[in-house]
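Colleague: Please take a close look at one part of this model, the central strand pairing and what packs around it. I would like the criteria stated along the way.

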Amino acid sequence: MKIKKTGKTTLIITIGIACFALVTVMSMQFKIVNQTDINELEVMREEELRTELANIKEKYKEAENKYNEKLQKLEEYNQKEASEEETEELVKKELEQVNLILGKTDVQGKGIKITLVENKDAESGIITADNLNMIVNSLKEAGAEAISINGERIINMTDIVSVHEGTILRVNQQRVMPPYVIKAIGDQTYLEGTILGNGREGDKLKKLGHDVIIEKDAKIEIPKYNKEIKAKYIK
């Protein structure tokens with residue numbers, strides 16, 4: 001990724017700066033010694049020696065300051081690189097969370113599988129889109145973290161509709177046929193209770209003659225929503 005490439009480039013630059021600074025300090029020290037001839041020092045007056053010593057100290061101090069400045073700059077580069085890596089990791093985690101919420105990630109976990117076996121001789125005839133919508137809404141109210149119907153992931157923009165006078169059901173614009181297998185990840189007790197509780201949608205369907213089978217599973221697998229999420233009216 002671009003951030004990692006920038007980090008590597010920064011590291012190379014900072015190592016070069018550090019090496020250059022070290023060589024500069026050493027060179028100045030050698031230069032200072034070479035410029036101070038021993039014989040000349042012997043014949044210099046005391047005042048001249050003091051002046052020359054002060055000059056040497058000043059030059060060394062200047063070189064030391066430059067070296068410390070380079071070290072500080074190196075530390076700044078290192079902190080910036082660490083910050084970029086932390087930012088990259090934070091962005092990555094945020095993106096994973098967003099995809100999870102949007103249903104764009106395959107998930108698995110503890111939950112239930114509801115199988116609705118349609119009995120056309122039942123009092124109501126067939127299972128309708130309204131029945132499926134009621135079950136999905138009940139599962140959401142019970143805290144389901146992910147739901148699917150016949151492999152179609154349910155998200156906020158999912159439509160469950162009947163067409164051709166109710167003879168065909170569509171979920172996410174895809175036709176689904178009985179038996180309808182609804183999977184939900186969440187607290188198994190709450191999820192089961194919200195479907196089979198007295199007066200609940202599963203209980204109603206059973207009383208109408210349809211089969212409602214609920215299985216608890218520690219590893220319910222629900223696929224991701226595999227279509228483009230696109231708003232029609234939001235600009």
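Modeller: Ile-114 has Ile-182 of strand 7 as its bridge partner. The strands here are DSSP runs of E with at least two residues, helices are runs of H or I with at least four, and both are numbered from the N terminus. Strand 1 (residues 107–117) runs antiparallel to strand 7 (residues 180–185), with 6 bridges between them; two strands count as paired if DSSP finds at least two bridges. Ile-182 is also the strand 7 bridge partner of Ile-149. That contact belongs to the antiparallel pairing of strand 2 (residues 146–149) with strand 7, over 4 bridges.

The model is predicted, so local features need pLDDT of at least 70 and side-chain atom pairs pLDDT 80 or more, while totals for chains, interfaces and linings use all residues. Numbering starts from 1 along each chain as its sequence is written, and side-chain values use heavy atoms, without hydrogens or water.

Ile-114 and Ile-182 recur in the largest nonpolar core, which has 26 residues; together with Leu-116, Leu-132 and Leu-139 they touch the most other members. Such a core is a set of buried Ala, Val, Leu, Ile, Met, Phe, Trp, Tyr and Cys residues joined through side-chain atoms within 4.5 Å. Buried means under 20% relative accessible area, exposed over 50%, and partly exposed in between, with a 1.4 Å probe and protein chains only. Elements giving two or more residues to this core include strand 1, strand 2, strand 7 and helix 5 (188–196). Helix 4 gives the largest share, 5 residues.

Leu-139 touches, among others, Ile-112, Ile-114, Ile-147, Ile-182 and Leu-191, leaving aside residues up to four places away in sequence; contact means heavy atoms within 4.5 Å. Apart from the largest core lies another of 5 residues, including Val-107, Ala-146, Ile-185 and Ile-222.

Gln-188 is placed in helix 5. Gln-188 counts as buried because its relative accessibility is 16%. A polar atom of the Gln-188 side chain lies 3.1 Å from the backbone oxygen of Asp-217. Gln-188 also touches Lys-110, Gly-111 and Ile-112, among others, not counting residues up to four places away in sequence.

Ahead of strand 7, Pro-179 sits in the loop that follows strand 6 (174–176). A cis peptide bond joins Pro-178 and Pro-179, with omega about 0°. Most peptide bonds are trans.

Technical notes: A polar contact is a pair of N or O atoms within 3.5 Å; within protein, one must be able to donate a hydrogen and the other to accept it, and residues adjacent in sequence count only if both atoms are side-chain atoms.
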